[in-house]
Amino acid sequence: MITALLQKLIILIIGVLFLVSAAIIYFRFKNVNRTEAAQIFKTTQYFNAWLILLCFVVTIVFGVFNHFELKKSVHAIISLNYSEASQAQNSNGTRYNMAEIICDEVVDKAIEKGALKDVTTKELRDCLVVYPCVQGGVGDESEYHISTEFAVEYHASKHTSHLDSENVIKLITSAYKEYYIENYTDNFGLASEKPNFDEMEYMDIAAYFDKETLSILNYLYGMAEKNNSFVTENNTTFNSLAGRVYQFKETQINQNFRSFILQNGIVRDKEAYVDRLSHHNKNVDFDRQKNGVSFDLCNQAIDMYSEEMTRVVLVPTWDEAGKYYMGRTKVGIDELSVLATSYSDYVTSNEKEIMDNNLLIDKMSAGNEDSGLHESVDLMADAIYDSIKGFEKEAIKAGREYSSHKMNQCIAVSIYGISIMNELKTLVLFAIFAYAAFMLRVISKKFPKKV
């Protein structure tokens, strides 16, 4: 703040000196004739060593204050290099909004990342400006333009003058990348709240674990399809992490947890759980009967077709080269065969589900009421849940690392600080202006006050 005042004060003093000297010359010019005025200008020593020295000193002082003032301002160019950017969209197809570059969430992240002290979100946000580098018009179609480059400027205020300007703009752009990745790229997360296992049957807990691990596997397999060679900071790939999750699912959940419950018939409420399974079997059996009837109807319809009719059906056809040939076409029996196969698979699936439930009913009916076994299962459930959450965090971390790697190619940031050439040009212009003011002051003294 002080440097800005001193810088402006120096410019003001030189400006006032220039204007006052010019005004004196103007008003005293009538006190001399043209010959005397020309003589004054001719006899003036325009290259005065003392004036040059004074001008040099003033320019150096101005240059120091100007340098400190320029250090308070810095700007960056954010370039969007993905295909959707030319349509003013984010990478996931949503509408792009440049105001998010300096939104409160991004500024909060920057303050947290840089551990910036003695500054609030509003104070830092007020120092930031964002605008498109190239703006189009709406007057004509030729003026239409969607910018894919945006400038972010930072100008320090009295509240942020203690911060390093270049560090601030780096933190803002870095925080914006993280914000963009979290909101507009691949994201994944399971239920944030842990379910109350005390109110769930143990086999339901096992089914819940299956569902959660399957969600993690689907995410990892999807990421592996995008880039199966990507390696994280921990030297793992999406496929290797998916292999670990799958192995955990098969051994810890299916072979250990579920088998332990089944073999010992561990259940919280035996009567209610057995009734539930029996009711479910009745519904599944109804579906089995319905699918069985549909299967029989399809077979009866197939038997009604004549053998001569279903042996082959040829129709005139043209191939891609334009040549004529006789091609086989589908008949109703083809569709019925596919339907019959589907209904047969449904019946098999229904029968297997009923058999599995009957096995559970038999095991739970002869279950063990030992409280020690219940405590062991509860401990196993908590340990498996913690492990699943650990895999979830690894999957999210790996996905964000990949998104960050991809975004480093899709979002480029260029930071521009003080330009030495521009600073030198400013000093040269100020030096010329200051020397002109000093010289006008010297000349003005040569003009007489009165005729």
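This passage describes the nonpolar cores, the cysteines and a surface patch of a predicted model. Residues are numbered from 1 along each chain as its sequence is written, and side-chain values use heavy atoms, with hydrogens and water left out. Local features need pLDDT of at least 70, side-chain atom pairs count only at pLDDT 80 or more, and totals for chains, interfaces and linings use all residues.

The largest nonpolar core (buried Ala, Val, Leu, Ile, Met, Phe, Trp, Tyr and Cys residues joined through side-chain atoms within 4.5 Å) comprises 41 residues. Buried denotes under 20% relative accessible area, exposed over 50%, and partly exposed in between, with a 1.4 Å probe and protein chains only. Phe209, Leu220, Phe238, Phe257, Ile261 and Met364 touch the most other members. Two or more residues each are given by helix 7 (202–226), helix 8 (238–264), helix 9 (270–304), helix 11 (332–365) and helix 12 (371–410); helices are DSSP runs of H or I, at least four residues, numbered from the N terminus. The most, twelve residues, come from helix 7. Beyond its neighbours within four places in sequence, Phe209 is in contact (heavy atoms within 4.5 Å) with Phe197, Ile253, Phe257, Ala381, Ile384, Tyr385 and Ile388. Another core, apart from the largest, holds 37 residues, including Val107, Ile172, Tyr176 and Ile411.

Cys103 is buried at 15% relative accessible area, as is Cys127 at 4%. Zero disulfides (pairs of cysteine sulfur atoms within 2.5 Å) were found in the whole structure.

Val16 lies in helix 1 (residues 2–28) and is partly exposed, with a relative accessible area of 43%.
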